[in-house]
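Me: Please take a close look at a single part of this structure. Tell me how that part sits in its surroundings.

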Protein chains: 2
Amino acid sequence: MNDGPDWRPVKRVRAFEEVVAQIEEQIATGRLRAGDKLPGERALAAALGVSRPSVREAMRVLEAMGVLVANTGSGPEAGAILAGSAGPALTGVLGLHLGLANFAVDDVVETRLLIESWAVEAAARHASEADLDRLRAIVAAMDAPDVSTEQFNEQDTEFHTAIAELSGNALVATFMRALRDTVRRHQQRAVAELGPDTGALRADHRAILAAIEARDPRAAAEALATHLRRAYPQVTRGRGR
Amino acid sequence: MNDGPDWRPVKRVRAFEEVVAQIEEQIATGRLRAGDKLPGERALAAALGVSRPSVREAMRVLEAMGVLVANTGSGPEAGAILAGSAGPALTGVLGLHLGLANFAVDDVVETRLLIESWAVEAAARHASEADLDRLRAIVAAMDAPDVSTEQFNEQDTEFHTAIAELSGNALVATFMRALRDTVRRHQQRAVAELGPDTGALRADHRAILAAIEARDPRAAAEALATHLRRAYPQVTRGRGR
DNA sequence: CCGGATCGTGTGGTCTGACCACACTGTGGT
DNA sequence: ACCACAGTGTGGTCAGACCACACGATCCGG
């Protein structure tokens with residue numbers, strides 16, 4: 001079972017990696033919190049003993065991960081501010097790796113079905129009356145007679161996102177949105193959008209809402225699955241219910 | 001319903017963003033594929049009409065998203081090579097936002113339970129004999145008398161990762177690994193690891209394996225849930241089925 | 001006294017040009 | 001035929017400069 005010396009390659013540490021690591025540590029230990037503002041690039045470079053370009057590369061990494069936003073100018077809004085929803089970052093990562101064929105569109109749709117099924121069950125279980133009103137408003141808006149394709153898609157996103165948020169799990173909500181955006185961007189690029197007429201899709205939404213109102217998790221999941229299968233017929237693989 | 005002019009803020013486009021966008025496009029349109037090598041930083045800068053630092057910032061972003069790796073020196077291995085598993089990138093994003101309190105550890109564990117339940121069901125459904133052998137080997141290795149805590153954790157990771165891969169969904173496998181790594185790093189940082197003795201955990205593994213061997217998805221999911229609840233007792237919130 | 005134009009200052013954004021460490025590659029000598 | 005060695009191209013790093021921008025204090029006219 002001995003495979004020999006088994007050297008590990010010496011990992012050369014680049015300057016910006018060290019900068020990222022130190023900021024990560026400040027976050028992990030709670031010395032930096034959401035809303036805090038980082039020192040200016042010049043000050044940070046001086047404090048860490050690296051050049052400004054190295055600090056900037058670290059900023060770009062953290063920005064790509066959705067951890068901070070950088071603003072120009074002066075005043076309270078300027079500078080690098082810790083913020084961040086992970087959503088856009090996740091969407092970007094997923095989209096890129098979809099393009100690189102690291103996983104397939106089917107995988108994404110299937111994963112979305114899996115996660116959203118769970119979310120809608122949770123929503124059916126503990127949605128408040130206010131939550132239900134929110135969903136009702138969205139569904140009603142989609143049934144208006146003059147909705148454009150653009151608006152329809154916008155509201156559809158809002159509907160599904162709302163359900164994910166109702167699950168009470170912020171991570172699930174983030175994943176959901178990222179998955180939906182990924183699929184959306186991809187199908188927008190490839191095929192003409194919204195092949196089936198919106199009537200069936202709107203009926204699906206009403207069915208999902210009805211199941212949630214009835215506090216029936218099982219029926220809600222079923223209605224959700226029906227809806228997604230209609231919207232993305234390419235999902236053929238079997239799945240666990 | 002008219003909300004007025006509704007200006008959108010002019011989004012200033014930074015040079016590196018344009019570079020990233022162009023590379024993304026090359027990937028999306030298939031002109032760049034996994035394994036391809038990008039032009040050198042200097043050449044790219046000249047071709048795009050920007051400076052080398054801007055190109056470098058774009059590289060850092062793509063690298064952070066797990067899309068490419070950069071190597072020094074010369075030869076076939078040198079330069080920026082499109083590669084990439086999304087795993088490490090996801091783990092980083094999740095860890096950071098966990099630190100920023102954008103979501104809770106409970107959310108992560110709960111999500112892992114949700115995803116892995118599905119994965120183990122799928123695995124029970126269509127695992128080949130070779131797949132089963134792989135799982136058996138891992139379980140056997142964990143039952144050896146001289147495993148250190150370090151090794152145990154390593155093999156535990158391998159076991160769960162193998163299950164996720166058996167699901168046949170590469171995205172799910174990637175998520176799974178990222179979620180597990182995130183929880184692992186976090187609990188390593190906070191609490192003494194491996195509170196409960198490993199006996200029960202190993203028995204859980206055997207039970208999961210047995211359920212997969214028996215082609216019983218429901219039992220497999222049940223065993224998996226029991227296992228995770230034992231390993232992460234803090235999960236108290238209700239979950240789907 | 002008040003109000004608005006103006007300038008100062010600090011922020012990130014960009015560029016130039018240079019040097020370093022590294023790893024391959026071809027060339028030379030033995 | 002072999003091996004040592006310089007050549008060359010890669011990313012990594014740095015210093016210093018300039019720009020656009022936005023805020024905030026200051027100055028000037030009413």
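**Helix 1 of chain A and its surroundings**

Reply: The surface near DNA strand D has 8 nonpolar, 11 polar and 5 charged residues. This is a predicted model. There are 24 residues around the strand, and A15(A), S51(A), G73(A), G75(A) and G40(B) come nearest. Helix 1 (15-28) of chain A is one of the elements that supply at least two residues of this surface. Helix 3 (52-64) of chain A does so too. Chain B contributes through helix 2 (41-48), helix 3 (52-64) and strand 2 (79-82).

Now the helix itself. Helix 1 of chain A has 14 residues, which should span 20 Å at 1.5 Å a residue; its end C-alpha atoms are 20 Å apart, so the two agree. G30(A) follows the helix, with a positive phi near 85°.

Next, its two faces. F16(A), V19(A), V20(A), I23(A) and I27(A) are buried. They cover an arc of only 95° around the axis, so they lie on the same side of helix 1 of chain A. In general, an α-helix has 3.6 residues a turn, so residues three or four places apart point the same way. The face turned away from the buried side carries the exposed residues A21(A) and E25(A).

The buried residues of the helix pack against both chains. In chain A, the partners are helix 2 (41-48) and helix 3. In chain B, they are helix 3 and helix 4 (87-99).

That leads to the wider interface. Here 47 residues of chain A are in contact with 47 residues of chain B. Helix 1 is among the chain A elements that give two or more residues to this side. Helix 5 of chain A gives the most, with 10 residues.

Terms used:
Residues numbered from 1 in each chain as written. Chains lettered and ligands numbered in written order. Predicted model: local features only at pLDDT ≥ 70, side-chain atom pairs only at ≥ 80, totals over all residues. Near = placed C-beta within 6 Å. Helix = DSSP H or I, 4+ residues; strand = E, 2+ residues; numbered from the N terminus. Nonpolar A, V, L, I, M, F, W, Y, C, P; charged D, E, K, R; others polar. Expected span 1.5 Å × (residues − 1). Buried ≥ 20, exposed ≤ 12 C-beta atoms within 10 Å, placed from the backbone. Arc of directions from axis to C-beta. Contact = placed C-beta atoms within 7 Å.
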